[in-house]
Amino acid sequence: MAGTGTFSYSSPTSIFRTSSSLSISSNPLFLPMRFSPKRPSSTRILRIYALSSNDIKVGTNLEVDGAPWRVLEFLHVKPGKGAAFVRTKMRNYITGNTVEKTFRAGSTIDEANVFKETKQFTYKDGPQFVFMDLNTFEETRLNEADVRDKTKWLKEGMDCNLLFWNGKVIDFELPITVQLTVVNVDPGLKGDTASGGSKPATLDTAAPDHDGKCPTIWC
């Protein structure tokens, strides 16, 4: 049984003017010319800001020990004795590891220079996922280890946000909602209440698993 479901996861001024009379001279006419220096192409400027621990909130990007981290949770603590501090739970963009770390209240922390660029997932080339900038047609390739479990939601033609840090991709974001087609649904077992009435459904996406099958979810 197949179906479609939505899953969340100044204009320039002319130098010539018209006139009612026209005079002709035998002398050659020279118009003054102005040359503008060639401007370099726009480049992204690396900017690193120093944050106070009091500025930490969910989604803040921090650079700690030479690596980019994203704050998942935070709590400002003011104990009865001792100095106040900020307890955080952070995820390493590169390794994916999650750790808990505390910062002394008022301490200075470097903000990670993480920026986003929208690129379209165009096709899968072997183990690599190819994303294209529709303005420059420049391709960016990610390995399966970089995409991880997001493959089950990834479809060709989908616009995604690639996150860059120090000139390399460290993560990417899928759209808030994606529309996928259910190509098959297991009928399930009659009288099976242990699974809460759910049954596996196979999705038609561009990321089959190692067995060549499309990803399966429970619905």
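Is phenylalanine 137 counted as buried or exposed? In this predicted model, phenylalanine 137 has a relative accessibility of 58% and therefore counts as exposed, since the cut-off for that class is over 50%. Its setting is a loop, the one that runs between β9 (128–132) and β10 (139–143). The backbone deserves a look here too: phi of phenylalanine 137 is near 60°, a positive value in a residue other than glycine. For context, most residues other than glycine have a negative phi.

A positive phi also turns up at aspartate 65, where the angle is near 55°, again in a residue other than glycine. Aspartate 65 sits in the loop that links β3 (61–64) with β4 (67–77). With a relative accessibility of 77%, aspartate 65 counts as exposed, because this value is over 50%.

Lysine 119 offers a view of a strand, as this residue belongs to β8, which spans residues 115–125. Its relative accessibility is 2%, so lysine 119 counts as buried, the cut-off being under 20%. What surrounds this side chain and its backbone? Apart from neighbours within four places in sequence, lysine 119 is in contact with Phe131, Met132, Asp133 and Thr140, and also with Met158, Asp159, Cys160, Leu162 and Phe164. Closer along the chain, the side chain of lysine 119 is joined to that of glutamate 117 by a polar contact of 3.4 Å.

Technical notes: Residues numbered from 1 in each chain as written. Predicted model: local features only at pLDDT ≥ 70, side-chain atom pairs only at ≥ 80, totals over all residues. Heavy atoms only, no water. Helix = DSSP H or I, 4+ residues; strand = E, 2+ residues; numbered from the N terminus. Buried < 20%, exposed > 50% of the residue type's maximum accessible area, 1.4 Å probe, protein only. Polar contact = N/O pair within 3.5 Å; in protein donor to acceptor, adjacent residues only side chain to side chain. Contact = heavy atoms within 4.5 Å.
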